[in-house]
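User: I would like to go through this structure by question and answer. Please keep it plain.

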Amino acid sequence: MTDRDNQTDQPSVTSPATSPVTSPVTTRRGIRSFVLRQGRMTVGQKNAFDRCWPKFGLTREQGMIDPREVFGREAPLNLEIGFGMGKSLATMAAAAPEQDFIGVEVHLPGVGALLKEVEDHGLENLRVYNIDANDVIDLCLPDASLDRVMVFFPDPWHKKRHHKRRLVQAEFVQRLRHKLRVGGILHLATDWENYAEHMMEVMQASEGFANTVEEGGFSPRPDDRPITKFEQRGERLGHGVWDLLFRRTN
């Protein structure tokens, strides 16, 4: 999630010299949906990262995971791609202790911020990857292992020449479909109307998915998707937010 509302002005420190993974953030060639910025973590984020990563961090090098082994139980499994600073993901995990959550974020300060939330709230049902979501999908998650995939407020790449960088594309959606169980939900949300229209076009044309509301319709925001401060500010200014919920049918 592009959690633009959760940035702080706390003192920052240079990101640790040793990344959570020793290999590159992504193994994929070609167009990327993200720009890897040189991040700086606050002191609190870095301390939480150092304490929590050994328990809550997942890496590409672990290969294909067994969620039952990772979490020590069998429970509904949710994946959030691009959780930003992690506030919303932590809120969802805290509100649903009977479910398990995996978050993916390429920016290290966001990982540190999420792990601070994990530590502050004593969350046990959340794990995190600090690599490209494409690698997580292709190399780390078994087919039909997910009950829900969430992609909230991804970079809209609003200039037309950059639309090819948008994460939500037909090929990406089909790869996600195979990771969802039949009946599982793909939940997309954006505050850019043009991207919402693009998402709808992609999803309507995607094999194996059906809209959970009427054909071509956007969904009301589910109660379990937290409203961010950024989203609240946008609503006060009259900005729209569009949610799409599609179910895997085969």
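User: Over which residues does pLDDT stay under 50?

Analyst: This is a predicted model, in which local features need pLDDT of at least 70, side-chain atom pairs count only at pLDDT 80 or more, and totals for chains, interfaces and linings use all residues. Residues are numbered from 1 along each chain as its sequence is written, and side-chain values use heavy atoms, with hydrogens and water left out. pLDDT is the predictor's confidence in each residue, from 0 to 100. The stretch under 50, with 45 contacts (heavy atoms within 4.5 Å) beyond four places in sequence, is residues 2-19.

User: Which strands stand at the edges of the sheet?

Analyst: Strands (E, at least two residues) and helices (H or I, at least four) are DSSP runs numbered from the N terminus, and two strands pair if DSSP finds at least two bridges between them. The open sheet has eight strands with mixed pairing, in the order E3-E6-E5-E4-E7-E8-E10-E9. Each edge strand has a single partner, so one side is left without a neighbour in the sheet; these are E3 (57-58) and E9 (209-211).

User: Which residue stands opposite Met-150?

Analyst: Strands E7 (residues 146-152) and E8 (residues 180-190) run parallel, joined by six bridges. Opposite Met-150, in E8, is His-187.

User: At what angle do the axes of H1 and H4 cross?

Analyst: Axes are lines fitted to C-alpha atoms, for helices over the stretch in contact, with angles from 0 to 180 degrees between N-to-C directions. Helix H1 (residues 43-56) and helix H4 (residues 108-121) have axes that come within 8 Å. The crossing is roughly 75°.

User: Which residue just after H8 takes a positive phi?

Analyst: Helix H8 covers residues 229-236. The phi of about 85° just after H8 belongs to Gly-238.

Technical notes: A polar contact is a pair of N or O atoms within 3.5 Å; within protein, one must be able to donate a hydrogen and the other to accept it, and residues adjacent in sequence count only if both atoms are side-chain atoms.
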